[in-house]
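Here is a short report on selected local features of one protein model. It covers a buried charge, salt bridges, helix packing and backbone angles.

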Amino acid sequence: MTYALIDNASLTAVQRVTGKIVVKNPDTINGDLVALENFVQAILFYDDLVCIDNYKEEHKEKRKQEFNFIRFISPEEYQLEGLSGKAKAEAKLIRPEIRAGEFVDSDFRELVELLKLNMVCTWDLRSSVYYLTMKMLGQPNTPEYVKYSELSSAIYNELSDAGDTFGHWSTEVNLVGSDGTEYTKGKMAEEAKSASRGHGGTTRALDMFIASLNWLAYKSIYYSLAANYLRADTFLHPIRHAYQIHWFKKTGAFGHDFTSKLIAALSNRLTTSVGEIIDSGRSTAISLDIPIFSAWLSVQSGDVRSVVNSALEIRDEQILQDARGLLREIRIGFDEGGVTLANKSIQKWERQIKKAELELKSRYGIKTDQGVQGSFLMKVYNSFAALAGLPQFPEFDFKVPLPKFFNDNQSGNFSTLFKDVASELASTERLGGVRDLMAANFVIDDEHYVPPKTEAPEYRKYVSDWKLPM
C-alpha cells in the first residue's frame with residue numbers, strides 16, 4: 001500500500017475552489033488551483049489518503065463528512081503532539097535577518113531564492129517616520145509581477161488558520177543596514193515617537209510576512225516528521241513543499257548538492273522521465289510528466305465542483321491502476337534494495353514511465369494554444385537508514401503508535417513530493433479559458449484587498465525624500 005499524507009491547508013484550498021470558503025485575496029486563486037491539482041494527483045496515484053485531524057474544532061466533523069474517503073488520524077490518540085513540540089522547537093531556531101533590504105539568514109534567504117521571489121525592503125516615509133516596507137521588484141501588470149504576487153500571497157495565506165491552531169509565528173527579525181547599522185526595537189521606538197523622519201520599525205505587512213514564513217516552516221517540519229513516522233508521502237499545500245525541501249537539506253537528509261540538482265532538473269523540464277539525481281546512495285528522485293487532471297475533469301464535467309468525485313471514479317480505470325502499480329513497484333524496489341541498489345536499477349522502469357506519461361497525456365491532456373499543459377509528479381526518495389542515522393535530524397524520546405491500517409505498510413524508506421511552485425502556477429495560468437472555468441466558483445471578498453507594493457529595479461538604490469534604501 002502507498003499512503004499520501006494530506007495537510008488541512010490543501011483541503012481548505014479545495015473548499016475555496018468549490019466556493020465553500022470565502023477568498024480574501026484574489027492573488028491566491030492560482031495557488032489554490034495548484035493545490036486542487038495536487039490533491040487530485042494524490043487520489044489518482046496513491047492507494048490511500050491520510051490526514052491529521054487537527055483542523056478547527058468547530059469545523060472538524062463537517063470536514064470529515066465532506067472528505068469521507070480520507071482516513072483522519074487523531075493527533076491525541078496517536079501521540080502526535082510530541083511531533084508538534086519538536087517541530088516548534090526546530091522552527092524557533094530560525095533567526096530571520098534582513099540586511100541591506102534582503103533576507104540573508106540561511107533559512108528564509110534560501111526559500112526566497114528557491115521560489116525565485118524577487119523582493120526588496122526599503123524605508124518608506126509615513127507620518128514623518130520611515131518604516132521598513134517589503135516590495136516586489138518589477139513593474140505592475142507584467143507576468144513577473146503576477147507570479148510574485150501569487151507566491152507572496154500564498155505565503156501570507158499560511159496565517160489564515162494560525163489563530164485557531166498552535167504553532168510558532170514570531171515576528172522577530174534582525175535589521176541591519178548596508179553600512180552595518182543595527183536597528184534595534186528600542187531605538188526605532190524612540191525615533192517613531194519623535195516623528196522627525198527617523199526609522200520607526202517594520203510595517204504590519206512585513207511583520208505578517210515574517211510571521212507567515214515562521215508558520216510555514218513550522219507546519220512543513222511538522223508534516224515532514226509525521227510522514228517520516230507514518231512512512232507516507234507528503235502532499236502539502238504547494239508553498240510548503242519549497243520549505244520542506246530546504247529543511248531536508250538543512251538537516252542533512254539530502255547531500256550538499258542534491259537540492260540544487262533537483263531544482264535544476266525541474267527548471268530544465270527533465271529531458272528524461274527518470275531524474276539522474278543521485279547523492280552517495282542517500283537520495284534519488286523520479287519524475288512523471290503528467291497532464292493537469294483537474295483541468296481535464298473540469299472540462300468533462302463542466303463544473304470544478306465535480307472534480308474530486310470524478311477523480312474518485314476514474315482512479316479505477318486500468319491506465320491509472322497501472323500507473324499506481326508502477327509507482328508501487330518502484331517503492332518496493334527502494335524498500336528491498338535500498339537507495340544505492342535502486343539507483344542502479346531504476347533505469348529499468350524508464351520505458352514504462354515514458355509509456356505511462358504518453359498514455360496519460362493522450363487520454364487526459366488539455367490542449368491549449370501553447371500545447372498540452374503538464375504537471376510534474378516528482379517523488380524524492382531517502383534511505384531511511386541514512387535519514388535515521390543523521391545527528392542533525394531530530395531524535396525523539398517517545399514512540400508514535402501507528403494506526404492499524406498502517407500495519408501492512410512495511411516501507412523502510414521515506415519519500416516526499418516536490419513541486420516547483422512557480423512552474424505549476426505558470427502551467428495553471430496558461431490553461432486560459434479552462435483556467436477561468438476552474439476559477440468560476442471562487443467567492444471573493446476583496447473589500448480589504450491591498451495589492452503588493454512594487455519597486456522598479458532601476459530605482460532600487462534611489463534615494464528620495466519619501467524613500468531610503470536600507
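**A buried arginine**

The model is predicted. Start with R315, which is buried yet has no salt bridge. The nearest side chain of opposite charge is that of D316, 4.3 Å away. A salt bridge needs the nitrogen and the carboxyl oxygen within 4 Å, so the pair of R315 and D316 at 4.3 Å does not qualify.

Where does R315 lie? R315 sits in the loop between α12 (307–314) and α13 (318–345). What does its side chain meet instead of a salt-bridge partner? A polar atom of the R315 side chain lies 2.8 Å from the backbone oxygen of I43. Leaving out residues up to four places away in sequence, R315 touches I43, L44, Y46, D47, L320, Q321 and R324. I43 therefore appears twice: as a residue that R315 touches, and as the owner of the backbone oxygen at 2.8 Å, within the 3.5 Å cut-off for a polar contact.

**Salt bridges**

How many salt bridges does the model hold? The count comes to 16. Three pairs are set out here, with the closest N to O distance and the relative accessibility of each partner.

| Pair | N to O distance | Accessibility of the partners |
|---|---|---|
| E57 and K60 | 3.5 Å | E57 61%, K60 12% |
| E97 and R99 | 2.9 Å | E97 17%, R99 37% |
| K185 and E172 | 2.8 Å | K185 60%, E172 45% |

Take E57 and K60 first. The closest N and O atoms of this salt bridge are 3.5 Å apart. E57 counts as exposed because its relative accessibility is 61%. K60 counts as buried because its value is 12%.

Next come E97 and R99. Their side chains meet in a salt bridge at 2.9 Å, N to O. E97 is buried, at 17% relative accessibility. R99 is partly exposed, with a relative accessible area of 37%.

The side chains of K185 and E172 meet at 2.8 Å, N to O. K185 lies in helix α7 (residues 185–194), and E172 in the loop between α6 (143–156) and β8 (174–176), so the pair ties together parts that are 13 residues apart in sequence. K185 is exposed at 60% relative accessibility. E172 is partly exposed at 45%.

There is also a network of salt bridges. It links D53, E61 and K64.

**Helices α11 and α12**

Helix α11 spans residues 293–301. Its buried residues are F293, S294, A295, W296, L297 and S298. G302 follows α11 and has a positive phi, near 80°.

How do α11 and α12 pack? Their axes are 9 Å apart, at an angle of about 105°. That makes α11 roughly perpendicular to α12. On the α11 side, the contact involves S294, L297, S298 and S301. On the α12 side, these meet V307, S310, A311 and I314. S294, L297 and S298 are thus both buried and part of the contact with α12.

**Helix α1**

Is helix α1 mostly covered or mostly open? α1 (residues 8–17) is mostly covered, with 10 of its 10 residues buried. Among them are N8, Q15 and R16. Others in the buried set include L11, V14 and V17. G19 comes after α1, and its phi is positive, near 85°.

**Positive phi outside glycine**

Most residues other than glycine have a negative phi. Which residues depart from that here? S127 has a positive phi, near 55°, and is not a glycine. S128 is also not a glycine, and its phi is about 65°.

The place of S127 is in the loop between β6 (119–126) and β7 (129–137). S128 lies in the loop between β6 and β7 as well. S127 counts as exposed because its relative accessibility is 65%. S128 is partly exposed, at 34%.

**A long-range pair**

A242 lies in helix α9 (residues 238–251). A242 is buried, with a relative accessible area of 2%. How far is its C-alpha atom from that of D420? The two C-alpha atoms are separated by 7.5 Å, while the residues are 178 apart along the chain.

Note on methods:
Residues are numbered from 1 along each chain as its sequence is written. This is a predicted model: local features need pLDDT of at least 70, side-chain atom pairs count only at pLDDT 80 or more; totals for chains, interfaces and linings use all residues. Side-chain values use heavy atoms; hydrogens and water are left out. Buried means under 20% relative accessible area, exposed over 50%, partly exposed in between (1.4 Å probe, protein chains only). Helices (H or I, at least four residues) and strands (E, at least two) are DSSP runs, numbered from the N terminus. Lys and Arg count as positive and Asp and Glu as negative; His and the chain ends are not counted. A polar contact is a pair of N or O atoms within 3.5 Å; within protein, one must be able to donate a hydrogen and the other to accept it, and residues adjacent in sequence count only if both atoms are side-chain atoms. Contact means heavy atoms within 4.5 Å. Axes are lines fitted to C-alpha atoms, for helices over the stretch in contact, and angles run from 0 to 180 degrees between N-to-C directions. Angles under 35 degrees count as roughly parallel, over 145 as roughly antiparallel, 65 to 115 as roughly perpendicular and the rest as oblique.
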